[in-house]
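Please open the model in your viewer and keep the selection panel at hand. The stops below say what to select next and what is there.

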Amino acid sequence: MRPKLTEEGVLEGARFIASPNFDERPAACGIELLVVHYISLPPGSFGGPAIEEFFTNRLDPRAHPFFATIANLKASAHFLVRRSGAVIQFVPCAKRAWHAGESTWRGKPRCNDFSIGIEVEGDEKKPFTAAQYRRLAALTRVLMARYPISEVVGHCDIAPSRKTDPGPQFDWARYRAMLGMNGRAVRRAGIGRRRRDALAGKTSALAARPRLRRRTPRRR
Ligand SMILES: [Zn+2]
(Lines give C-alpha, C1' and ligand atoms only; values in the text may rest on other atoms or scores of the structure.)
Protein backbone atom coordinates (compact mmCIF):
# COMPACT_ATOMS: atom_id res chain seq x y z
CA MET A 1 0.00 0.00 0.00
CA ARG A 2 1.29 3.42 -0.94
CA PRO A 3 2.05 5.76 1.96
CA LYS A 4 0.45 9.18 1.82
CA LEU A 5 1.60 12.74 2.33
CA THR A 6 -0.43 15.24 4.32
CA GLU A 7 -1.24 18.65 2.88
CA GLU A 8 2.00 20.02 4.38
CA GLY A 9 3.98 17.17 2.94
CA VAL A 10 4.40 15.00 6.02
CA LEU A 11 4.62 11.28 5.32
CA GLU A 12 1.91 9.42 7.16
CA GLY A 13 3.12 6.43 9.14
CA ALA A 14 6.74 7.61 9.31
CA ARG A 15 8.40 8.87 12.46
CA PHE A 16 8.52 12.68 12.53
CA ILE A 17 11.19 14.46 14.57
CA ALA A 18 10.79 18.21 14.19
CA SER A 19 13.98 20.02 13.20
CA PRO A 20 14.13 23.77 13.85
CA ASN A 21 16.48 24.09 10.86
CA PHE A 22 14.05 25.10 8.14
CA ASP A 23 12.18 28.13 6.86
CA GLU A 24 9.68 29.07 4.19
CA ARG A 25 10.29 28.35 0.55
CA PRO A 26 10.27 31.48 -1.61
CA ALA A 27 6.81 32.45 -2.83
CA ALA A 28 5.65 30.61 -5.94
CA CYS A 29 8.66 28.32 -5.82
CA GLY A 30 7.77 24.82 -6.97
CA ILE A 31 9.48 21.61 -5.88
CA GLU A 32 11.37 20.45 -8.97
CA LEU A 33 14.33 18.50 -7.70
CA LEU A 34 15.08 15.55 -5.44
CA VAL A 35 18.56 15.51 -3.89
CA VAL A 36 20.03 12.28 -2.52
CA HIS A 37 22.68 12.52 0.20
CA TYR A 38 24.50 10.16 2.50
CA ILE A 39 25.20 10.76 6.14
CA SER A 40 26.70 8.83 9.03
CA LEU A 41 27.55 10.21 12.45
CA PRO A 42 30.19 9.81 13.54
CA PRO A 43 31.46 9.10 10.01
CA GLY A 44 31.40 5.38 9.26
CA SER A 45 29.22 4.56 12.25
CA PHE A 46 25.58 3.60 11.77
CA GLY A 47 22.52 3.35 13.97
CA GLY A 48 23.28 5.81 16.76
CA PRO A 49 21.24 8.86 17.77
CA ALA A 50 23.69 11.47 16.46
CA ILE A 51 21.94 12.23 13.16
CA GLU A 52 18.70 13.09 14.96
CA GLU A 53 20.70 15.10 17.51
CA PHE A 54 22.53 16.97 14.75
CA PHE A 55 19.35 17.88 12.87
CA THR A 56 17.73 19.09 16.09
CA ASN A 57 20.76 21.07 17.31
CA ARG A 58 21.33 18.76 20.26
CA LEU A 59 24.63 17.18 19.19
CA ASP A 60 27.12 17.10 22.08
CA PRO A 61 30.45 18.46 20.76
CA ARG A 62 32.29 16.57 23.52
CA ALA A 63 30.87 13.18 22.60
CA HIS A 64 33.17 12.68 19.58
CA PRO A 65 36.00 14.75 18.04
CA PHE A 66 34.09 14.99 14.75
CA PHE A 67 31.01 16.34 16.48
CA ALA A 68 32.99 19.37 17.66
CA THR A 69 33.55 20.33 14.01
CA ILE A 70 29.85 20.32 13.08
CA ALA A 71 27.95 20.96 16.31
CA ASN A 72 27.48 24.65 15.45
CA LEU A 73 26.11 23.99 11.98
CA LYS A 74 22.39 24.34 11.44
CA ALA A 75 21.38 21.62 9.03
CA SER A 76 18.46 19.37 8.25
CA ALA A 77 16.96 17.26 5.53
CA HIS A 78 13.37 16.40 4.82
CA PHE A 79 13.97 12.65 5.21
CA LEU A 80 16.48 10.15 6.55
CA VAL A 81 16.46 6.51 5.41
CA ARG A 82 18.13 4.36 8.05
CA ARG A 83 20.15 1.21 7.28
CA SER A 84 17.05 -0.80 8.26
CA GLY A 85 14.97 1.12 5.74
CA ALA A 86 13.11 3.00 8.48
CA VAL A 87 12.22 6.53 7.38
CA ILE A 88 12.41 9.53 9.69
CA GLN A 89 11.12 12.90 8.56
CA PHE A 90 12.48 16.15 9.99
CA VAL A 91 10.89 18.90 7.89
CA PRO A 92 7.54 18.93 6.03
CA CYS A 93 8.09 18.96 2.27
CA ALA A 94 6.22 22.27 1.98
CA LYS A 95 9.02 23.92 4.00
CA ARG A 96 12.61 24.60 3.01
CA ALA A 97 15.02 22.21 4.73
CA TRP A 98 18.69 23.17 4.92
CA HIS A 99 20.38 20.21 3.24
CA ALA A 100 22.08 21.44 0.08
CA GLY A 101 24.05 24.51 1.17
CA GLU A 102 25.64 26.55 -1.58
CA SER A 103 24.52 24.77 -4.72
CA THR A 104 23.43 25.21 -8.32
CA TRP A 105 21.22 23.12 -10.60
CA ARG A 106 20.87 23.97 -14.27
CA GLY A 107 22.03 27.49 -13.60
CA LYS A 108 19.64 28.03 -10.71
CA PRO A 109 21.32 28.77 -7.37
CA ARG A 110 20.11 27.88 -3.85
CA CYS A 111 18.78 24.39 -4.50
CA ASN A 112 17.18 24.29 -1.06
CA ASP A 113 14.54 26.67 -2.44
CA PHE A 114 13.14 24.15 -4.90
CA SER A 115 14.27 20.73 -3.75
CA ILE A 116 13.53 17.94 -1.32
CA GLY A 117 16.53 16.42 0.46
CA ILE A 118 16.76 12.76 1.38
CA GLU A 119 19.65 11.52 3.51
CA VAL A 120 20.44 7.82 3.19
CA GLU A 121 22.42 6.53 6.15
CA GLY A 122 25.74 5.40 4.76
CA ASP A 123 29.23 6.37 3.71
CA GLU A 124 31.63 6.00 0.80
CA LYS A 125 32.82 2.53 1.89
CA LYS A 126 29.87 0.26 2.65
CA PRO A 127 27.16 -0.71 0.20
CA PHE A 128 23.74 0.67 0.99
CA THR A 129 21.21 -1.96 2.08
CA ALA A 130 18.44 -3.55 0.03
CA ALA A 131 15.93 -2.16 2.54
CA GLN A 132 17.27 1.33 1.91
CA TYR A 133 16.85 1.06 -1.86
CA ARG A 134 13.32 -0.27 -1.41
CA ARG A 135 12.25 2.53 0.93
CA LEU A 136 14.06 5.20 -1.04
CA ALA A 137 12.37 4.10 -4.25
CA ALA A 138 8.97 3.94 -2.56
CA LEU A 139 9.47 7.38 -1.05
CA THR A 140 10.63 8.77 -4.39
CA ARG A 141 7.50 7.47 -6.09
CA VAL A 142 5.27 9.09 -3.47
CA LEU A 143 7.07 12.42 -3.79
CA MET A 144 7.00 12.36 -7.59
CA ALA A 145 3.29 11.62 -7.59
CA ARG A 146 2.72 14.70 -5.46
CA TYR A 147 5.24 17.30 -6.65
CA PRO A 148 6.43 18.35 -10.13
CA ILE A 149 9.88 16.83 -9.61
CA SER A 150 11.70 16.66 -12.92
CA GLU A 151 15.04 15.19 -11.86
CA VAL A 152 16.75 13.22 -9.13
CA VAL A 153 20.39 14.10 -8.47
CA GLY A 154 23.09 13.60 -5.87
CA HIS A 155 24.43 16.32 -3.60
CA CYS A 156 27.68 15.90 -5.58
CA ASP A 157 25.86 17.02 -8.73
CA ILE A 158 24.68 20.36 -7.35
CA ALA A 159 27.77 21.20 -5.25
CA PRO A 160 30.57 19.41 -7.13
CA SER A 161 33.41 21.43 -5.65
CA ARG A 162 32.36 20.71 -2.06
CA LYS A 163 30.45 17.44 -1.94
CA THR A 164 30.88 13.82 -3.01
CA ASP A 165 27.75 12.26 -1.52
CA PRO A 166 25.91 9.98 -2.02
CA GLY A 167 29.29 8.58 -3.09
CA PRO A 168 30.60 5.60 -5.04
CA GLN A 169 28.57 3.02 -3.13
CA PHE A 170 25.26 4.51 -4.16
CA ASP A 171 23.96 2.40 -7.04
CA TRP A 172 22.14 4.82 -9.32
CA ALA A 173 21.34 2.11 -11.86
CA ARG A 174 19.66 -0.01 -9.20
CA TYR A 175 17.68 2.95 -7.88
CA ARG A 176 16.60 3.91 -11.41
CA ALA A 177 15.58 0.35 -12.19
CA MET A 178 13.39 0.29 -9.08
CA LEU A 179 11.75 3.56 -10.09
CA GLY A 180 11.08 1.96 -13.47
CA MET A 181 8.22 0.10 -11.84
CA ASN A 182 6.32 3.37 -12.22
CA GLY A 183 6.48 4.51 -15.82
CA ARG A 184 5.31 8.00 -15.07
CA ALA A 185 8.01 8.58 -12.45
CA VAL A 186 10.70 7.41 -14.81
CA ARG A 187 9.48 9.61 -17.57
CA ARG A 188 9.23 12.63 -15.35
CA ALA A 189 12.62 11.95 -13.84
CA GLY A 190 14.12 12.19 -17.28
CA ILE A 191 15.77 8.83 -16.84
CA GLY A 192 13.47 6.62 -18.87
CA ARG A 193 15.44 6.70 -22.09
CA ARG A 194 18.70 5.98 -20.31
CA ARG A 195 17.22 3.03 -18.53
CA ARG A 196 15.87 1.63 -21.76
CA ASP A 197 19.27 2.13 -23.37
CA ALA A 198 20.97 0.38 -20.49
CA LEU A 199 18.55 -2.53 -20.68
CA ALA A 200 19.13 -2.74 -24.42
CA GLY A 201 22.87 -2.89 -23.81
CA LYS A 202 23.54 0.41 -25.52
CA THR A 203 25.22 1.85 -22.47
CA SER A 204 26.72 0.09 -19.51
CA ALA A 205 25.06 0.41 -16.15
CA LEU A 206 28.07 2.41 -15.04
CA ALA A 207 27.57 4.89 -17.84
CA ALA A 208 24.00 5.49 -16.78
CA ARG A 209 24.53 8.34 -14.42
CA PRO A 210 22.39 11.17 -13.18
CA ARG A 211 21.91 13.70 -15.92
CA LEU A 212 23.67 16.51 -14.15
CA ARG A 213 26.97 14.73 -14.34
CA ARG A 214 27.06 15.76 -17.95
CA ARG A 215 29.13 18.87 -18.27
CA THR A 216 26.75 20.46 -20.76
CA PRO A 217 23.17 20.52 -19.57
CA ARG A 218 20.62 19.66 -22.24
CA ARG A 219 17.50 21.64 -22.73
CA ARG A 220 14.25 20.13 -23.85
ZN1 LIG B 1 24.90 15.92 1.28
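**Helix 5 and the core**

Begin by selecting helix 5, where Trp172, Tyr175, Arg176 and Leu179 are buried (20 or more other C-beta atoms within 10 Å of the residue's own, with C-beta atoms placed from the backbone; helices are DSSP runs of H or I of at least four residues, strands E runs of at least two, both numbered from the N terminus). Looking down the axis of helix 5, you will find its buried residues within an arc of 95 degrees, so they line one face of the helix; the arc is that of the directions from the helix axis to the C-beta atoms.

This is a predicted model, in which local features need pLDDT of at least 70 and side-chain atom pairs count only at pLDDT 80 or more, while totals for chains, interfaces and linings use all residues. Residues are numbered from 1 along each chain as its sequence is written.

Next, select Leu33, Leu34, Val35, Ile118 and Leu136, which touch the most other members among the 48 residues of the largest nonpolar core (buried Ala, Val, Leu, Ile, Met, Phe, Trp, Tyr and Cys residues joined through C-beta atoms within 7 Å). Elements that each supply at least two residues of this core include strand 3 (33-39), helix 3 (130-146) and helix 5.

**The loop before helix 5**

Then move to Arg162, in the loop between helix 4 (155-158) and helix 5 (172-179). Arg162 is exposed because it has 11 other C-beta atoms within 10 Å, the cut-off for exposed being 12 or fewer. Add Ser103 to the selection: its C-alpha atom is separated from that of Arg162 by 9.2 Å, although the two are 59 residues apart along the chain.
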